[in-house]
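Biologist: I would like to go through this protein step by step, as one would with a first-year class. May I put some questions to you about its structure?

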Amino acid sequence: SRQCLDAERPAGPLPAPFRRRAMVETKAAVAIDGLSEAEACGIFSLFGFEPESATRLYGGYASSNFKVVGRRRGSEDGSATLLLKINYYGLSLEDLEHQLFVLDHLKKSGCAHVSF
């Protein structure tokens, strides 16, 4: 949403993940690129969801990303549309923490579709 893009940066010094040089990994053909949408639905179900659909999203950083639709098992609520991010197994802990920092910032900025 536009709100996510326009969110103001907090005052003060940049958080630690932004004070260092960005870590960039050259992503060769890795096994996760071969995941099918059906396999993504299977992984989504492991998190307690009844999957309805999964659509591959392109442009992920060392990961496979899917737009997944489904509802929590046992819930009376309607379906939710979420991002399923399946990271490359060789990604460093530092890079994973940085991704969580960004997702947390988006969530706190009011992005409706960030959930982890």
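The questions below go from the overall fold to single residues.

Biologist: In what order do the helices and strands follow one another along the sequence?

Modeller: Please keep in mind that this is a predicted model. The secondary structure comes to four helices and three strands. Read along the sequence, these elements give the pattern α-α-α-β-β-β-α.

Biologist: What percentage of the residues in the protein is buried?

Modeller: A residue counts as buried when its relative accessible area is under 20%. The protein has 116 residues, and the buried share of them is 26%.

Biologist: How much accessible surface does the protein have, and what part of it belongs to carbon and sulfur atoms?

Modeller: The accessible surface of the protein comes to about 7900 Å². The part that belongs to carbon and sulfur atoms is 57%.

Biologist: Which helix and strands each supply at least two residues of the largest nonpolar core?

Modeller: The largest nonpolar core has eleven residues, among them Leu35, Cys41, Phe44, Phe49, Phe66 and Leu82. At least two residues of this core come from each of these elements: α3 (37-45), β1 (49-57), β2 (63-72) and β3 (80-87).

Biologist: Are Phe44 and Phe49 buried or exposed?

Modeller: The cut-off for a buried residue is a relative accessible area under 20%. Phe44 has a value of 4%, and Phe49 has a value of 9%. Both values lie under the cut-off, so Phe44 and Phe49 are buried.

Biologist: How is the aromatic pair of Phe44 and Phe49 arranged?

Modeller: The structure holds one aromatic pair. Its rings, those of Phe44 and Phe49, are 4.5 Å apart from centre to centre, with 10° between the planes. Planes under 30 degrees apart count as stacked, so the arrangement of Phe44 and Phe49 is stacked.

Biologist: Which residues does Phe49 touch, not counting residues up to four places away in sequence?

Modeller: Phe49 is found in strand β1. Its C-alpha atom is 9.9 Å from that of Val68, which is 19 residues away along the chain. With the residues up to four places away left aside, Phe49 touches Phe44, Gly70, Arg71, Arg72, Arg73 and Leu82.

Biologist: Which backbone oxygens does the side chain of Arg73 reach?

Modeller: Arg73 is found in the loop between β2 and β3, and its relative accessible area of 47% makes it partly exposed. A polar atom of its side chain lies 2.7 Å from the backbone oxygen of Ser45. At 3.1 Å, the side chain of Arg73 also reaches the backbone oxygen of Phe49.

Biologist: How far apart in space are Arg73 and Phe47, C-alpha to C-alpha?

Modeller: In sequence, Arg73 and Phe47 are 26 residues apart. In space, their C-alpha atoms are separated by 9.3 Å.

Biologist: Is Arg56 buried or exposed?

Modeller: Arg56 lies in strand β1. Its relative accessibility is 16%. As the limit for burial is under 20%, Arg56 counts as buried.

Biologist: Which side chain makes a polar contact with the side chain of Arg56?

Modeller: A polar atom of the Arg56 side chain lies 2.5 Å from the backbone oxygen of Leu35. In strand β2 there is a residue that counts as buried at 1% relative accessibility. The side chain of this residue makes a polar contact of 3.5 Å with that of Arg56, and the residue is Ser64.

Biologist: Is Leu57 buried, exposed or partly exposed?

Modeller: Leu57 has its place in strand β1. It touches Asn65, Phe66, Lys67 and Leu83, with residues up to four places away in sequence not counted. Its relative accessible area is 35%. This value falls between the 20% and 50% limits, so Leu57 is partly exposed.

Biologist: What distance separates the end C-alpha atoms of helix α4, and why does it agree with the expected span?

Modeller: Helix α4 covers residues 93-108, which is 16 residues. The expected span is 1.5 Å times one less than the number of residues, so helix α4 should span 22 Å. The two values agree because the end C-alpha atoms of helix α4 are also separated by 22 Å.

Biologist: Which residue just after α4 takes a positive phi?

Modeller: The phi angle in question is about 100°. The residue that takes this positive phi, just after α4, is Gly110.

Conventions
Residues are numbered from 1 along each chain as its sequence is written. This is a predicted model: local features need pLDDT of at least 70, side-chain atom pairs count only at pLDDT 80 or more; totals for chains, interfaces and linings use all residues. Side-chain values use heavy atoms; hydrogens and water are left out. A nonpolar core is a set of buried Ala, Val, Leu, Ile, Met, Phe, Trp, Tyr and Cys residues joined through side-chain atoms within 4.5 Å. Buried means under 20% relative accessible area, exposed over 50%, partly exposed in between (1.4 Å probe, protein chains only). Accessible areas come from the Shrake-Rupley method with a 1.4 Å probe; for residues, only the protein chains shown count as cover. Rings of Phe, Tyr and Trp (its six-membered ring) pair if their centres lie within 6.5 Å; planes under 30 degrees apart count as stacked, over 60 as edge-to-face and the rest as tilted. A polar contact is a pair of N or O atoms within 3.5 Å; within protein, one must be able to donate a hydrogen and the other to accept it, and residues adjacent in sequence count only if both atoms are side-chain atoms. Contact means heavy atoms within 4.5 Å.
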